[in-house]
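Trainee: Got a minute? I'd like to walk through this fold with you.
Mentor: Sure, put it up.

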Amino acid sequence: MHSDKFPTGQTPEEFDESSTPAGEPADTDATSGTVLNSPYGPATGVTRTSILAAAHSAATASTPAEAAPVAGTPEAVEVAAEPIRLAASANAGSAEHFEVVTSPDTAAAAKPSRRRRWAMSAVAATILLVGVGGYAYAQHYSDVAVPGTTVAGTDVSGMSRDAIISTIESRAQAATVTVTGDADATVSLSELGTTIDAAATADAAMNRGSAVLDRFKALLSGADITVVTSNDEAVLKDYAGTLVPDDQAKARNASVVLNADSTAFEITSSSEGLSVDTTDLALAAAQAAQSLSPASVEVSYVNTPPAVSDDDAKTVAETANEWISQDVTITNTDGTDSYTADAATKASWIIITENLDAAPTLSIDSDAVAHWVGTQANAANVTPVVGQRNVNSSGQVVATSVEAVAGQKVNNTETITAAISTALSSGQAYSGSFEMTTDEEQWEERKIADGAENLAYQAADGEKWVDINLSTKTVTAYEGATVVRGPVSVVDGAAATPTVTGTYHVYLQYEIQTMRGQNADGSNYETENVPWISYFYEGYALHGAPWWSSWGFSASHGCLNMPVDEAKWIYDWVEIGTTVVSHY
């Protein structure tokens, strides 16, 4: 049979059905030219074994003679004198992309024999099988563990990273250590200070097939992945101490601690006693962790001297107290203020690190020093104040109500922190000063009405305000520097209940109200139907006083008593927020 494409890349003229061994037809797909049936099996269903065998055969053949099948079999071929090569495109794995190419020198040579053409067809079919199957294999193991991968003896081949993690964690639960001998207990790895890193172990397992070539190499060898662990000796030591009964004297190291006032360091005495050697415990923990299965260990109580003696701890405490005794002082830029750390503060900067088998070590907590320096810097910083001043229409400053203050901020806290830490850890005092960054002064200018600079209140042009002159006992309404009402004679506060002075603002108004309060002698008073009330500070107000027939004297409880019609005019004219200035 014939088709447009042929499994070996031959032309129709070169192909001859008689080249197929007798009794073994070789069918091809009419579209792709893929070998469907041949003496060597179908081109599908490629297995790990077939890939490995084909790859091994191709890799180990060193000469054309070695690569040739055994003579007398259907696979036997004649080795042509001319060189022959197999060309494959970048799309290897599809039959039409393989062809047998002769060298230019032999292009005109005689056509190959039918046996040779059949050999070339078989080679192409084998490569096709390897290409298709190899690609499928490489893809399948791109996100799962490759064949031959084990963790602590457990096969994890074909498992995803998450599945491997789950398997390790499950097995780790059973990886306990049984303690026998002078003590009896079953303890978990975490209690012994051993931590299994399931994620890192899974990553190591997955790494065997991280590259495509690695996935094929895995077919030739296996690997047992080492379980990734970490160990905390202090936790192990603490657990070993719990194996000694509380009614027995335990070996105890001398330690360095702060005194009750937190101003100096002292020691707690050491003692000789029973202990358990942690060496065997550590080995048992390591065995359980690496095998992910239970382990056992026999322990014995040993009478042990302390690893840290009283003299060892005393030397450390004396050094720490020497650090505390050093003076630490910072001054501001002009030297007018200074900031000195007290003993408790310096003691809080010292870190005592206890060691299992050696004297404690000392260090300075730079973060704690930085916190103290920052607190002092905040006290030294100058908060900026925006100045306020009035200017006339010519731009001249006529009054300053608020002086401007330039902001200042410490800019060398990190340098000072490092210097203090270095000085104390060397047993030396520290004295330094803050450096400041100074901002420019900020001002707000308020333009006032012409002529207002000589009034009690320097109002802006057209601004409403009320002038209470306690010297003349009058009330005058202004808009800017212009009088719009008054001056009106009033009755102000009596000597025992004087009217307040200062600058205020109208905040509450009533058309009529019953006013209550206390007299100077402490007795209460009540006045009904007081009209046209404008409060400007607490209980002080401008209001009508129909009970008076004359004005210009001091007799009220502190309010400004006015003729009723004048009080109504003020009530109608002012607004909530209108400035009221009371002065002598």
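What follows is a quick tour of some helices, sheets and loops.

Trainee: What kind of model is this?
Mentor: It is a predicted model. Keep that in mind throughout.

Trainee: How many helices and strands are there in the protein?
Mentor: The protein has 13 helices and 37 strands.

Trainee: And what share of the residues counts as buried?
Mentor: Of its 584 residues, 35% count as buried.

Trainee: What about contacts between residues at least 6 apart in sequence: what share join residues at least 24 apart?
Mentor: That share is 63%.

Trainee: Let's do helix packing. At what angle do helix 4 and helix 5 pack?
Mentor: About 130 degrees, with the axes 9 Å apart. Helix 4 covers residues 161-173, and helix 5 covers residues 198-206.

Trainee: So what do we call that arrangement?
Mentor: Oblique. Angles over 145 degrees would count as roughly antiparallel, and 65 to 115 as roughly perpendicular. Helix 4 and helix 5 fall in neither group, so they are oblique to each other.

Trainee: Which hand does the crossing of helix 4 and helix 5 have?
Mentor: Right-handed.

Trainee: Which residues of helix 4 meet helix 5?
Mentor: Arg161, Ile164, Ile165, Ile168 and Glu169. On the helix 5 side they meet Ala198, Ala199, Thr201, Ala202, Asp203, Ala205 and Met206. By class, this contact has eight nonpolar residues, one polar and three charged.

Trainee: Now another pair. How do helix 11 and helix 12 cross?
Mentor: At roughly 130 degrees, and their axes come within 9 Å. Helix 11 is residues 366-380, and helix 12 is residues 413-425. The angle makes helix 11 and helix 12 oblique to each other. Helix 11 passes helix 12 in a right-handed crossing.

Trainee: Which side chains should I look for in that contact?
Mentor: From helix 11, look at Ser366, Val369, Ala370, Trp372, Val373 and Ala377. From helix 12, look at Thr413, Ile416, Thr417, Ile420 and Ser421. The contact of helix 11 with helix 12 counts seven nonpolar and four polar residues, with no charged ones.

Trainee: On to sheets. What is the strand order in the sheet with strand 5?
Mentor: The order is 6-5-10. This sheet of three strands is open, and its pairing is mixed.

Trainee: Which strands stand at the edges of that sheet?
Mentor: Strand 6 (154-155) and strand 10 (223-225). Each has a single partner strand, so one side of each lacks a neighbour in the sheet.

Trainee: How many bridges join strand 5 to strand 10?
Mentor: Three, and the two strands run parallel. Strand 5 spans residues 149-151. Thr149 has Ala223 in strand 10 as its bridge partner.

Trainee: What comes between strand 5 and strand 6?
Mentor: A loop that holds Ala152. Phi of Ala152 is near 50 degrees, a positive value in a residue other than glycine.

Trainee: Is Ala152 buried or exposed?
Mentor: Buried, because its relative accessibility is 15% and the cut-off is under 20%.

Trainee: Where else does a residue that is not a glycine have a positive phi?
Mentor: Ser262 is one of them, at about 60 degrees. Ser262 sits in the loop between strand 12 (255-258) and strand 13 (265-268). With a relative accessible area of 32%, Ser262 is partly exposed.

Trainee: What's the order in the sheet with strand 7?
Mentor: It goes 8-7-15, an open sheet of three strands with mixed pairing. Strand 8 (185-187) and strand 15 are the edge strands, each pairing on one side only. Strand 7 (residues 177-181) pairs with strand 8 in the antiparallel sense, over three bridges. There, Thr178 has Thr186 as its bridge partner.

Trainee: Which helix lies across strand 7 and strand 15?
Mentor: Helix 8, residues 278-291. Helix 8 runs at about 175 degrees to strand 15.

Trainee: And Ser300, where is that?
Mentor: Ser300 is in the loop between strand 15 (295-299) and strand 16 (301-304). At 43% relative accessibility, Ser300 is partly exposed. Beyond its neighbours within four places in sequence, Ser300 contacts Asp182, Ser275 and Val276.

Trainee: Last one. Where is the cis peptide bond between Gly486 and Pro487?
Mentor: Pro487 is found in strand 29, residues 482-489. Omega of that bond is about 5 degrees.

Technical notes. Residues numbered from 1 in each chain as written. Predicted model: local features only at pLDDT ≥ 70, side-chain atom pairs only at ≥ 80, totals over all residues. Heavy atoms only, no water. Axes fitted to C-alpha atoms, helices over the stretch in contact; angles between N-to-C directions. Helix = DSSP H or I, 4+ residues; strand = E, 2+ residues; numbered from the N terminus. Parallel < 35°, antiparallel > 145°, perpendicular 65-115°, else oblique. Left-handed = near helix turned anticlockwise from the far one by under 90°. Contact = heavy atoms within 4.5 Å. Nonpolar A, V, L, I, M, F, W, Y, C, P; charged D, E, K, R; others polar. Pairing = 2+ DSSP bridges. Buried < 20%, exposed > 50% of the residue type's maximum accessible area, 1.4 Å probe, protein only.
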